[in-house]
Amino acid sequence: MVQYMNYRKSIDEAVYDNRNKVENDRHRLRYHLMPPAGLLNDPNGLIHFKGAYHVFFQWNPFETRHGSKSWGHYVSKNLTDWTLEEAALVPDEWYDKDGCYSGSAVEHEGKMYLFYTGNVKNEQNERSTYQCLAVSDDGMDFEKKGPVLKLPDGYTPHFRDPKVWDEGSRWLMILGARNVSGEGEAVLAQSYDMKNWEFLGPAAGSNINGLGDFGYMWECPDLFRLDGEDVLVVCPQGLEAEGDRYQNLYQAGYFTGSFDAEKGSFEHGAFDELDRGFDFYAPQTMLDDSGRRIMIGWMGMTDDREQSHPTIASNWIHALTLPRMLEVKAGKILQKPVPELEVLRGTKTAYELNLQPSEIFTETVSPASEVVVNFDKTLKNGFEMEIRKDVRIVFEDGKFIVGRNTFDKAGREQRTVELDRLEGLQIYLDHSSVEIFVNAGEEVFTCRFFPDANDNEIRLMHSNTHTVNFSHWPLDTGE
């Protein structure tokens with residue numbers, strides 16, 4: 001208990017000592033979830049429990065590098081007003097002493113059950129991994145129950161990120177794994193009491209079901225049914241870039257298909273990326289009381305550019321995306337911002353622009369704002385938009401391109417997706433982030449960027465004669 005209290009006291013001190021740096025950092029986001037200090041990565045344990053939304057997150061409160069992780073904890077009644085609670089899980093037991101890694105939450109008989117991966121390393125830096133359980137009556141104070149599933153034969157200690165759901169007669173758990181042959185898999189376990197788990201084997205993975213070689217590790221799996229389709233969201237590591245696809249170090253995407261719960265198999269189609277931007281990984285979904293499937297992702301990426309983020313000077317890094325509602329149409333996931341975000345809108349400014357070819361429209365917006373662009377008819381090409389002289393959007397010759405300055409300001413980089421038409425854009429700006437929803441969520445680009453604080457201009461231009469409806473609202477949490 002003394003060790004437990006000392007760890008929590010250290011977290012409180014780290015947050016307190018960091019408060020002035022954070023408050024004065026112009027890159028802090030206004031309406032996104034961030035760490036109060038240190039590093040944030042994967043969202044964990046998303047759940048709507050007893051009338052409140054709970055979002056846990058991987059958190060190293062002591063430094064801006066990936067080290068020993070706790071579970072940070074935000075709570076909201078409405079998906080817009082969030083309260084940072086005490087850390088839900090901290091690494092204070094033998095089975096999680098080097099990190100309480102990612103996992104999920106479920107409700108059972110009025111209690112919240114957290115499943116997570118306990119990370120342990122010995123003096124030789126060799127890893128052991130345990131799937132662990134913690135239980136709470138109120139969703140705030142958790143009692144650890146210890147490991148419930150150990151590493152099965154045939155797998156490396158890269159075996160983690162349990163996502164649990166009620167399959168009716170039993171509970172199922174899907175985990176990300178790397179087998180001893182160096183192939184990534186999404187594997188299943190089952191339980192009838194949530195405490196004793198039986199390993200079943202792979203549901204999908206590299207060189208399974210005719211997929212072929214598809215990565216050496218599959219992280220953060222999430223399996224659910226939506227709009228008549230079974231969907232497996234997963235983050236495969238080790239994919240080689242293919243043209244415009246797979247440009248980030250690691251990918252976050254999904255398969256749609258048919259899950260056979262009795263056989264534990266998942267027949268699926270091709271893999272598609274969830275987000276085409278630079279900064280999106282480790283998404284997780286939840287069902288709320290109205291039956292919506294809501295997804296939140298990590299607005300970041302583990303790569304060698306992390307230490308170029310200017311926020312490190314203020315001892316924090318990364319954030320979470322906005323909550324997005326999911327739907328499936330013709331095997332494709334569409335993502336839309338939850339409508340609750342509309343309460344953040346201030347006074348609307350709107351223009352109907354009859355732009356001539358190559359004419360430039362310039363408007364100053366709030367650094368925390370929502371921007372909507374619609375056209376009088378579908379565009380086939382010839383649109384450009386520049387945000388704060390940093391992010392540049394181009395639609396030309398069947399390509400939708402988003403570019404930005406590199407974090408070290410040494411050059412430019414871009415991400416691209418094929419697009420046969422452009423109907424409209426919904427864009428959320430938040431000081432140092434942008435989330436671009438294309439054609440009502442058909443494609444999404446999530447990016448961090450760090451523009452000049454005094455430049456809040458947006459510029460529009462297109463090469464054909466069209467009427468453009470351009471609207472924007474300042475967004476404010478009321479803090």
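Which side chain does the side chain of Asp272 make a polar contact with? Let's work through this and a few other exercises on this predicted model.

**Exercise 1. Place Asp272 and find its partners.**

Step 1: Locate the residue. Asp272 belongs to strand 17, which covers residues 272-273.

Step 2: Look for the polar contact. The side chain of Asp272 pairs with the side chain of Arg276 at 2.8 Å, and a polar contact requires N or O atoms within 3.5 Å.

Step 3: Look further along the sequence. Leaving out residues up to four places away, Asp272 touches Gly253, Tyr254 and Lys332.

**Exercise 2. Describe the build of the protein chain.**

Step 1: Take stock of the secondary structure. The protein chain has 1 helix and 35 strands.

Step 2: Judge how compact the chain is. Its radius of gyration is 22 Å, close to the 23 Å that the globule rule gives for 479 residues, so the chain is as compact as a globular protein of that length.

Step 3: Picture the box. Along the principal axes, the C-alpha atoms fill roughly 65 × 55 × 45 Å.

**Exercise 3. Look at the inside, the surface and the charges.**

Step 1: Begin with burial. Of the 479 residues in the protein chain, 60% are buried, meaning under 20% relative accessible area.

Step 2: Turn to the surface. The accessible surface of the chain is about 18,900 Å², and carbon and sulfur atoms account for 44% of that surface.

Step 3: Finish with the charges. The chain holds 49 positive and 78 negative charges, and their mean positions are 2 Å apart.

Note on methods. Residues numbered from 1 in each chain as written. Predicted model: local features only at pLDDT ≥ 70, side-chain atom pairs only at ≥ 80, totals over all residues. Heavy atoms only, no water. Helix = DSSP H or I, 4+ residues; strand = E, 2+ residues; numbered from the N terminus. Rg over C-alpha atoms; globule rule 2.2 N^0.38 Å. Buried < 20%, exposed > 50% of the residue type's maximum accessible area, 1.4 Å probe, protein only. Areas by Shrake-Rupley, 256 points an atom, 1.4 Å probe, with all protein chains shown as cover. Lys, Arg positive; Asp, Glu negative; His and termini not counted. Charge placed at Lys NZ, Arg CZ, Asp CG, Glu CD. Polar contact = N/O pair within 3.5 Å; in protein donor to acceptor, adjacent residues only side chain to side chain. Contact = heavy atoms within 4.5 Å.
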